[in-house]
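Student: I keep meeting words like "buried" and "salt bridge" and I'd like to see how they get decided. Could we go through one example together?

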Amino acid sequence: MAKWIERIKKSCYYIVPILLLLTSVIYVYYSASSAPLDLSQRAEASTMKLTGEAVSQKTNDDKPEQDNDELDDTSTPEETPPNDYSQQEIKQPAQDPNTTKKNAISHKQQSKPNPDKPSTPNTTTNTKTKPPKKQPNPQKPETPKDNYRVVDRAEEANRYFVTTIKNNEVVTEPAYYVKITHLDKDLVVKDEEVLINGKAIEPFQGELLLQEGKNSIRITVLYQEKDKEPFYVVQEFIVHLNTTDIVIQTNLANKVVHEEQITFVAQAKIGKKKLPLTVEINGENKQPLGGATYKTTLKEGENQLVLKSAEGKLHKEERFIITFNKEKHTIHLETNLHDQRVSQTDFSFYAQASADGTKVNVQVKLNGEVVSPTKQNQYAVTLLPGKNTIQLEGTHQAEQLNKQYIIFYQDPNGSEGPKEDPLAPIVVTDLVSGSEVQGSMKNININAQSSDGSTLYERHMKVSVNDKQLSAIWTDDEKTSYRLILQEGENIVKIKVQDDNGRTTNLIYTVYSKLAKEDGYIGDITISVEASTIGIPYLIPPTKVPVYEKQEGSILLDKLLKQHGFTYSNTGNIQQSFYIARIAKPNMLQHVAIPQDLWDIVQKEADYYSETDYDVNSLGEMDFTNGAGWMYSINDVYPNYGFSDARFLDGDVVRIRYTLYYGQDINGFGGLGNSYRPNWPKEW
């Protein structure tokens, strides 16, 4: 045993040095294969890591955070879903689905050359270069590397631009239209970016496609003021799409009002399907004036409004409290005006006002035109057939006088035969007895008033063709529209209007119909697209086009615009509630010149106006002013229904016109259902 121990000891004397030598060889081999350690690189890596952490922290907050002295970091908007900077896969309405999507602002800034780094010869900057795959935060666009100031607090951001988005609203259809209005005319918009659920939409043409549930919308605008550094303004919104539950849509809110009467809209839907809605005001059921419009008289104090709807096992109820506080008026008005019906065109009245013993100047308007007194406080006017509006306006300190009276001069063509009851409703329609129609459809308009001038709506009317009762296409404060379905030959149209007191007017008309040709052709119309209010007489000059039996006006308009190289965005769809929101064509607005006399009135009336707030490549809602948009007339009458409900007849003249302020500049206020907005003195 001792001999074996001695042998092991001797072996260790040789084995240990060999192991040490082998270890040294291995260490030298691996050290030689690695680059030498560079402390400067370690320092740079450490700096990059810290910068990355700062950017990540900045962009991972609920809002982008700036220098501590510029922003309050306590505000926390809704989260934005993860962003995908790859090619946009969701097809947005009115956009080319093959267009490559990119971050319109952040990525353009990334493509700017670095002044501290020499540029590579023969290299062209490409603003469409895809962004890096790795982002500091996939939920939001990368913070621009130019270090421009960012404004993202709501109360500050709203000073620069506003949108049509209602934050946290619930909608039932995926197509969602957005308009951005820039408020400061001294600022130049250098770039604009719209993201929905993290996906950049470019080119943004006004419509977004919502997904079921919560949708995040982020709008970033890069502004620059003359000789100053650019800066970003960011606003974020949440819009919910619910296509499976009952949704009650209304403009009601808990509030205090000072007017005894209020008008509101309310409707219930599941997806695109409209549901019956029960409206209770202080425990009493309320019927709509027509469509989704309601009008009610409030009691002094609190008024409870309850909206209820049901479908199968689904139930929905919403409650509102509206408090009516009657204001004490100091302006005292003396006049013999009142809503009435007259049988002569010459009409005279007096009007004067005072406040605290001081005379208040009163401006009198007849159908929107200023009337001068014939002598002190006395006025004499000539009425038009049908409805006339007399407006009395005045100001005393902060108090406004604004009274309106409706005077009806009986149009002898408004009915057939005399009325036995002098207080019966007054009915005016564009239907002419004995007229001939090519085809089986004709739309008509009916304006009905009670003897005291109150508007009568669809619920007051019964309209029938050959004893088949019809439903209205649309009803509002101005008129109610119906579509007559005619048979070949003679058709008897009956119109019965009954006011709330039971007084009735009955009218009977005869209309003759000729069948369309075998291919459905019923004749030709003349149609044009006009923007004379901004100095461009025609975008599409008067053009004769064929019309066919039962053809929706929206289909005809779609074809016309495309034939002339225009694209468009719209609300509704081609078969229902179709409304042109915007039309577009490269460089279509090269020669904008708004008439000065029109612009002078716009500046007095509009809440927002700017001669530079438009895109040279398109024209649509809220360009130039808050009341701008597209309207249309048929034979100089502005319908209150959308283009999809229009049915044109042989010989019709259709004008699609751009208005700067709710149709008042194109003699079209009635098309919006707003009889309280008189037309302006001339038509531009």
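Tutor: Sure, and let's start with a definition: buried means under 20% relative accessible area, exposed means over 50%, and partly exposed is in between (1.4 Å probe, protein chains only). What we have here is a predicted model, where local features need pLDDT of at least 70 and side-chain atom pairs count only at pLDDT 80 or more, while totals for chains, interfaces and linings use all residues. Residues are numbered from 1 along each chain as its sequence is written, and side-chain values use heavy atoms, with hydrogens and water left out.

Student: Why is Glu311 called partly exposed?

Tutor: Its relative accessibility is 30%. Partly exposed is what lies between under 20% and over 50%, so Glu311 counts as partly exposed. Lys273, with 47%, is partly exposed too.

Student: What makes Glu311 and Lys273 a salt bridge?

Tutor: The rule asks for a side-chain nitrogen of Lys or Arg within 4 Å of a carboxyl oxygen of Asp or Glu. For Glu311 and Lys273 the N to O distance is 2.8 Å, and that meets the rule. By this rule the count comes to 18 salt bridges.

Student: Which parts does the Glu311 and Lys273 pair tie together?

Tutor: Glu311 is in strand 18 (residues 301-311) and Lys273 is in strand 14 (residues 273-275), so the pair ties together parts that are 38 residues apart in sequence. By the way, helices (H or I, at least four residues) and strands (E, at least two) are DSSP runs, numbered from the N terminus. The protein has six helices and 45 strands.

Student: How do you know whether Lys269 is buried or exposed?

Tutor: Compare its 8% relative accessibility with the cut-off: Lys269 counts as buried. Lys269 forms a salt bridge with Glu173, with the closest N and O atoms 2.9 Å apart. The two come from distant parts of the chain, 96 residues apart: Lys269 sits in strand 13 (residues 261-270), and Glu173 in the loop between strand 3 (169-171) and strand 4 (175-177). Glu173 has a relative accessible area of 29%, so Glu173 is partly exposed.

Student: What about Glu530, and which residue is its salt-bridge partner?

Tutor: Arg655, with the closest N and O atoms 2.9 Å apart. Glu530 belongs to strand 39 and Arg655 to strand 45, 125 residues apart. With a relative accessible area of 4%, Glu530 is buried. Salt bridges that share partners join Glu530, Asp636, Arg655, Arg657 and Glu683 into one network.

Student: Then why does Glu552 have no salt bridge?

Tutor: The nearest side chain of opposite charge, Arg647, is 4.5 Å away. A salt bridge needs the nitrogen within 4 Å of the oxygen, so the pair doesn't qualify and Glu552 is buried without a salt bridge. For charge, Lys and Arg count as positive and Asp and Glu as negative, while His and the chain ends are not counted.

Student: What does Glu552 touch, then?

Tutor: Contact means heavy atoms within 4.5 Å. Not counting residues up to four places away in sequence, Glu552 touches Ile574, Gln575, Phe643, Ser644, Ala646 and Arg647. Glu552 lies in the loop between strand 40 (536-548) and helix 5 (553-563).

Student: What makes strand 40 an edge strand?

Tutor: Two strands pair if DSSP finds at least two bridges between them. An open sheet of four strands runs in the order 40-39-45-44, with mixed pairing. Strand 40 and strand 44 (629-634) each have a single partner strand, so one side of each is left without a neighbour in the sheet.

Student: How do you know that strand 39 and strand 45 are paired?

Tutor: Five bridges join strand 39 (residues 521-531) to strand 45 (residues 653-659), and the two run parallel. Set that against the minimum of two bridges, and they pair. One example of a bridge partner is Val654 in strand 45, matched with Ile527.

Student: Last one: why do the buried residues of helix 6 count as lining one face?

Tutor: In helix 6 (residues 596-605), Leu598, Trp599 and Val602 are buried. Seen down the helix axis, the buried residues fall within an arc of 95 degrees (taken from the directions from the axis to the C-beta atoms), so they line one face of helix 6.
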